[in-house]
Amino acid sequence: MNQQQILFYNSRLSYITAEIIKYVNNKFYNLRESFWPRPYTATEGLEPSIFKYFELMENKKFKMSSYHSFLISTLTLSILLFILKPTLILNSTLLLSLSLFYI
Amino acid sequence: MPKISILIFLLEVYTGFKYLNVNILGEFQYLNETLNMNSVIKNLLLLSSLLSLIIGSVVGLVQTKIKRLLAYSTISHIGFILLALAINSEQSIDSFLFYIIQYTITNLNIFLIIIGLGYIRKEGIFSKSIDINEINEFKGLFFSFPLICICFSICLFSMAGIPPLMGFFSKQFVLYSALQNGYNFMSIVCILVSVISASYYLKIIKVLMHEEAPNEKNHIKYSLNQTNTNALDLEYKNSH
């Protein structure tokens, strides 16, 4: 695939995406005005609204829940602070091993 | 989960084998005595352990995908677990169980963090997936999400066996029971393998803390994005 073909397919894909966004705007957010991103320029320091829109959608869909954070923090602390009270796990594994070894 | 269930099954079979043969399978006592099944199983477990340790650590060194690297690190850890199982003393069974618990906690946390990082990192419109596949995708994430990256680093340090984290003690118990029972060669192999596998865990941490520099790939991506939006704008103007 050459450069021209890539550009063509990219532009076609972008056009379809924009149409989908327009439809979603009208259907779910009651935004009647045209939803169209300005050309992306790095010097402006502003992201086009299309990017923000997709980020918003992604965040809505795949929000990292508080359960997720709680699990990560608990497991990390259990790894980190094992040294403070190791008897809890060690005694339980010892009991298990004794019960398994001497059936 | 299947790994742990298989390991527990192996433990049950291995520790209960002599009792089974003496009490229940009286007819197979002759077979047990002639073949010396216990030593056969022990040698098989030791061989599996040695191969797992070597393959897991050496092949893991050249991996660029994070999940594949974790799979090879699992093979390496299974080597430790099998060694503890092969020794078959009271102390080694204790270390075996402790290693499984420690490994479950750490691995679960690592996968949760990878999924979490995939969710929260900023992605543009052109990204196809939120999953993190390559190790390079961790580049510079520490500067964006320091807390979760610190958790990730702690888990990786624990996997590498750096004190005073949980992973260090599990490895220490296995090595201690191996040395107590005279498995000196296996202990040396375990220590070497632990050092080798520590290098690829540290490689991930290095990538995590690495500040992202503009490279050629990013430049191409950026220019493609720019041309894409320009073309998009032109097409929209033409259509309206």
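What does chain A average in pLDDT, and what share of the residues score at least 70? Chain A averages a pLDDT (the predictor's confidence in each residue, from 0 to 100) of 70, and 44% of the residues reach at least 70.

Before you click around: this is a predicted model, where local features need pLDDT of at least 70, side-chain atom pairs count only at pLDDT 80 or more, and totals for chains, interfaces and linings use all residues. Residues are numbered from 1 along each chain as written, with chains lettered from A and ligands numbered from 1 in the order written.

**Stop one: chain A by confidence.** Select residues 33-47 of chain A, where pLDDT stays under 50. Where pLDDT is low, the predicted coordinates should not be read in detail. Next, pick helix α2 (residues 49-61) of chain A, which has the lowest mean pLDDT among the elements of that chain (56), while α3(A) has the highest (90).

**Stop two: where the chains meet.** Now show α3 (residues 66-80) of chain A with α7 (residues 146-160) of chain B: their axes come within 10 Å and cross at roughly 40°. That makes α3(A) oblique to α7(B). Display the side chains of Ile72(A), Thr76(A), Ile79(A) and Leu80(A), which meet residues of α7(B) including Ile148(B) and Cys151(B) (contact means C-beta atoms, placed from the backbone, within 7 Å). The residues of this contact divide into 7 nonpolar, 2 polar and no charged.

**Last stop: chain B.** Colour chain B by secondary structure to find 10 helices and 0 strands (DSSP runs, H or I of at least four residues for helices and E of at least two for strands, numbered from the N terminus).

Methods: Axes fitted to C-alpha atoms, helices over the stretch in contact; angles between N-to-C directions. Parallel < 35°, antiparallel > 145°, perpendicular 65-115°, else oblique. Contact = placed C-beta atoms within 7 Å. Nonpolar A, V, L, I, M, F, W, Y, C, P; charged D, E, K, R; others polar.
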